[in-house]
Amino acid sequence: MLRKALFLDRDGVVNVEKNYLHKIEDFELVEGIVDVCRTYQEQGYLIIIVTNQSGIARGYYSEEDFAILSRWMKEHFRELGITITHIYHCPHHEDIDGACECRKPEPGMFLQAQKEYDLEMNLSVMIGDNERDIEASRKAGVGWNVLLSDNAEGSSADRTIHTLRELL
(Lines give C-alpha, C1' and ligand atoms only; values in the text may rest on other atoms or scores of the structure.)
Protein backbone atom coordinates (compact mmCIF):
# COMPACT_ATOMS: atom_id res chain seq x y z
CA MET A 1 0.00 0.00 0.00
CA LEU A 2 1.29 3.44 -0.90
CA ARG A 3 1.61 5.58 2.19
CA LYS A 4 1.52 9.34 1.99
CA ALA A 5 1.86 12.08 4.57
CA LEU A 6 0.62 15.56 5.24
CA PHE A 7 3.71 17.22 6.66
CA LEU A 8 3.07 20.29 8.79
CA ASP A 9 5.37 22.85 10.26
CA ARG A 10 4.24 23.47 13.86
CA ASP A 11 4.67 27.12 14.82
CA GLY A 12 2.63 29.29 12.47
CA VAL A 13 0.80 26.38 10.79
CA VAL A 14 -0.55 24.13 13.57
CA ASN A 15 -0.41 26.68 16.37
CA VAL A 16 -0.33 30.46 16.34
CA GLU A 17 3.27 31.69 16.20
CA LYS A 18 4.45 32.75 19.65
CA ASN A 19 8.13 33.16 20.36
CA TYR A 20 9.55 29.85 21.57
CA LEU A 21 6.19 28.32 22.49
CA HIS A 22 6.65 25.57 25.06
CA LYS A 23 3.74 25.92 27.53
CA ILE A 24 0.35 24.28 27.06
CA GLU A 25 -1.45 27.39 28.31
CA ASP A 26 0.11 29.42 25.47
CA PHE A 27 -0.94 26.93 22.76
CA GLU A 28 -3.55 28.28 20.33
CA LEU A 29 -4.59 26.47 17.14
CA VAL A 30 -4.35 28.24 13.79
CA GLU A 31 -7.82 28.68 12.34
CA GLY A 32 -8.63 25.87 9.91
CA ILE A 33 -5.87 23.43 10.94
CA VAL A 34 -8.28 20.90 12.46
CA ASP A 35 -10.42 20.82 9.30
CA VAL A 36 -7.35 20.55 7.05
CA CYS A 37 -5.98 17.64 9.12
CA ARG A 38 -9.36 15.90 9.16
CA THR A 39 -9.76 16.29 5.37
CA TYR A 40 -6.30 14.88 4.63
CA GLN A 41 -6.66 12.09 7.21
CA GLU A 42 -9.93 11.02 5.55
CA GLN A 43 -7.98 10.81 2.26
CA GLY A 44 -5.49 8.40 3.83
CA TYR A 45 -2.67 10.79 4.71
CA LEU A 46 -0.60 10.31 7.85
CA ILE A 47 -0.30 13.57 9.78
CA ILE A 48 3.37 14.30 10.57
CA ILE A 49 4.77 17.45 12.15
CA VAL A 50 8.32 18.61 11.31
CA THR A 51 9.45 21.49 13.47
CA ASN A 52 12.64 23.42 14.15
CA GLN A 53 12.91 23.98 17.90
CA SER A 54 16.05 26.06 18.38
CA GLY A 55 14.65 27.26 21.72
CA ILE A 56 16.07 24.00 23.12
CA ALA A 57 19.61 24.79 21.93
CA ARG A 58 19.18 28.37 23.13
CA GLY A 59 18.22 27.14 26.62
CA TYR A 60 14.76 28.74 26.60
CA TYR A 61 13.11 25.39 27.36
CA SER A 62 14.13 21.75 27.68
CA GLU A 63 13.60 18.60 25.63
CA GLU A 64 11.22 17.52 28.41
CA ASP A 65 9.22 20.77 28.10
CA PHE A 66 8.92 20.08 24.37
CA ALA A 67 7.91 16.44 25.00
CA ILE A 68 5.20 17.47 27.49
CA LEU A 69 3.67 19.94 25.03
CA SER A 70 3.93 17.38 22.19
CA ARG A 71 2.16 14.67 24.21
CA TRP A 72 -0.58 17.12 25.16
CA MET A 73 -0.91 18.26 21.54
CA LYS A 74 -1.26 14.70 20.23
CA GLU A 75 -3.94 13.99 22.85
CA HIS A 76 -5.75 17.24 22.08
CA PHE A 77 -5.89 16.31 18.38
CA ARG A 78 -6.94 12.74 19.23
CA GLU A 79 -9.93 14.19 21.14
CA LEU A 80 -10.79 16.07 17.92
CA GLY A 81 -10.66 12.83 15.92
CA ILE A 82 -7.23 13.40 14.38
CA THR A 83 -4.20 11.15 14.77
CA ILE A 84 -0.86 12.89 14.68
CA THR A 85 1.36 10.02 13.59
CA HIS A 86 4.64 11.58 14.70
CA ILE A 87 6.20 14.88 15.73
CA TYR A 88 9.78 15.26 14.53
CA HIS A 89 11.82 18.12 15.87
CA CYS A 90 15.26 19.58 15.47
CA PRO A 91 16.57 20.93 18.78
CA HIS A 92 19.67 22.46 17.17
CA HIS A 93 20.74 25.91 16.08
CA GLU A 94 23.67 26.28 13.72
CA ASP A 95 25.23 29.15 15.71
CA ILE A 96 25.26 26.99 18.86
CA ASP A 97 25.54 23.38 17.68
CA GLY A 98 27.00 23.78 14.21
CA ALA A 99 25.37 22.42 11.08
CA CYS A 100 23.05 19.42 11.26
CA GLU A 101 20.97 17.39 8.81
CA CYS A 102 17.67 17.87 10.63
CA ARG A 103 17.26 21.65 10.87
CA LYS A 104 15.16 22.95 8.00
CA PRO A 105 16.09 23.91 5.28
CA GLU A 106 17.87 20.53 5.45
CA PRO A 107 15.59 17.53 4.73
CA GLY A 108 16.61 15.25 7.63
CA MET A 109 13.27 15.15 9.46
CA PHE A 110 11.39 14.40 6.23
CA LEU A 111 13.83 11.65 5.27
CA GLN A 112 13.59 10.09 8.73
CA ALA A 113 9.79 10.05 8.41
CA GLN A 114 10.06 8.54 4.92
CA LYS A 115 12.23 5.75 6.26
CA GLU A 116 10.23 5.07 9.42
CA TYR A 117 6.80 5.11 7.76
CA ASP A 118 7.70 3.89 4.24
CA LEU A 119 6.27 7.03 2.65
CA GLU A 120 5.79 7.85 -1.01
CA MET A 121 7.22 11.35 -0.89
CA ASN A 122 5.95 12.31 -4.35
CA LEU A 123 2.37 11.69 -3.13
CA SER A 124 2.90 13.65 0.09
CA VAL A 125 2.10 17.29 0.91
CA MET A 126 3.90 19.91 3.00
CA ILE A 127 2.34 23.01 4.55
CA GLY A 128 4.86 25.48 5.92
CA ASP A 129 4.92 29.17 6.75
CA ASN A 130 8.53 29.85 5.84
CA GLU A 131 10.60 29.38 2.72
CA ARG A 132 12.99 27.08 4.64
CA ASP A 133 10.05 24.67 5.19
CA ILE A 134 9.46 24.53 1.44
CA GLU A 135 13.17 24.17 0.67
CA ALA A 136 13.55 21.21 3.08
CA SER A 137 10.42 19.58 1.70
CA ARG A 138 11.58 19.93 -1.90
CA LYS A 139 15.00 18.47 -1.04
CA ALA A 140 13.18 15.46 0.42
CA GLY A 141 11.09 14.98 -2.72
CA VAL A 142 7.68 15.94 -1.30
CA GLY A 143 5.27 16.21 -4.22
CA TRP A 144 3.17 19.26 -3.34
CA ASN A 145 4.32 22.21 -1.25
CA VAL A 146 2.07 24.90 0.19
CA LEU A 147 3.28 28.13 1.77
CA LEU A 148 0.96 29.76 4.32
CA SER A 149 1.94 33.42 4.20
CA ASP A 150 0.57 36.94 3.88
CA ASN A 151 3.71 38.41 2.37
CA ALA A 152 5.45 35.74 0.31
CA GLU A 153 7.30 36.90 -2.76
CA GLY A 154 9.11 34.55 -5.07
CA SER A 155 8.37 31.35 -3.16
CA SER A 156 9.32 27.99 -4.63
CA ALA A 157 6.07 26.56 -3.21
CA ASP A 158 3.53 25.07 -5.59
CA ARG A 159 0.84 27.20 -4.01
CA THR A 160 0.79 30.15 -1.63
CA ILE A 161 -2.26 30.65 0.60
CA HIS A 162 -3.25 33.30 3.13
CA THR A 163 -5.48 31.04 5.28
CA LEU A 164 -5.69 27.28 5.75
CA ARG A 165 -9.37 27.40 4.76
CA GLU A 166 -8.21 27.93 1.17
CA LEU A 167 -7.23 24.24 1.15
CA LEU A 168 -10.74 23.03 1.97
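This report describes a predicted model, from its largest pocket to its unusual backbone angles.

The model is predicted, so local features need pLDDT of at least 70, side-chain atom pairs count only at pLDDT 80 or more, and totals for chains, interfaces and linings use all residues. Residues are numbered from 1 along each chain as its sequence is written, and side-chain values use heavy atoms, with hydrogens and water left out.

## The largest pocket

The largest pocket holds about 350 Å³ of space. Its lining has 20 residues, of which Asp 11, Glu 17, Asn 52, Ser 54 and Arg 132 are the closest to its centre. A pocket here is an open set of points on a 1 Å grid over the protein atoms alone, where a 1.4 Å probe fits, with protein on both sides within 12 Å along at least five of seven lines; lining residues have an atom within 4 Å of a point. The volume is the space filled by probe spheres set on the points, which are joined across faces, edges and corners.

At least two lining residues come from each of β2 (45–52), α2 (54–57) and α6 (131–139). Such elements are DSSP runs numbered from the N terminus, helices being H or I of at least four residues and strands E of at least two. By class, the lining comprises three nonpolar, seven polar and 10 charged residues. Ala, Val, Leu, Ile, Met, Phe, Trp, Tyr, Cys and Pro count as nonpolar, Asp, Glu, Lys and Arg as charged, and the others, Gly among them, as polar.

## Buried residues and their surroundings

His 93 is found in the loop between β3 (84–90) and α4 (94–97). This residue is buried, with a relative accessible area of 8%; buried means under 20%, exposed over 50% and partly exposed in between, for a 1.4 Å probe and protein chains only. Beyond its neighbours within four places in sequence, His 93 is in contact (heavy atoms within 4.5 Å) with Ser 54, Ala 57, Arg 58, Gly 98 and Arg 103.

Tyr 45 belongs to strand β2 and is buried too, at a relative accessible area of 13%. Tyr 45 and Leu 6 are 39 residues apart in sequence, yet their C-alpha atoms are 5.8 Å apart in space. Leu 6 is among the contacts of Tyr 45, as are Tyr 40, Leu 123 and Val 125.

In helix α5 (residues 108–117), the buried residues are Gly 108, Met 109, Phe 110, Ala 113 and Tyr 117. Their cover includes β1 (4–8), β2, β3, β4 and α6.

Strand β4 (residues 125–128) runs parallel to β5, and four bridges join the two; strands pair if DSSP finds at least two bridges between them. Gly 128 stands opposite Leu 147 in β5. Four of the five residues of β5 (residues 144–148) are buried.

## Backbone angles

Most residues other than glycine have a negative phi, and most peptide bonds are trans. The table lists two residues with positive phi.

| Residue | Phi | Place | Relative accessible area |
|---|---|---|---|
| Tyr 20 | about 55° | loop between β1 and α1 (33–42) | 32%, partly exposed |
| Asp 118 | near 50° | loop between α5 and β4 | 55%, exposed |

Asp 118 comes just after α5. A further feature is the peptide bond from Lys 104 to Pro 105, which is cis, with omega near 25°. Pro 105 is placed in the loop between α4 and α5.
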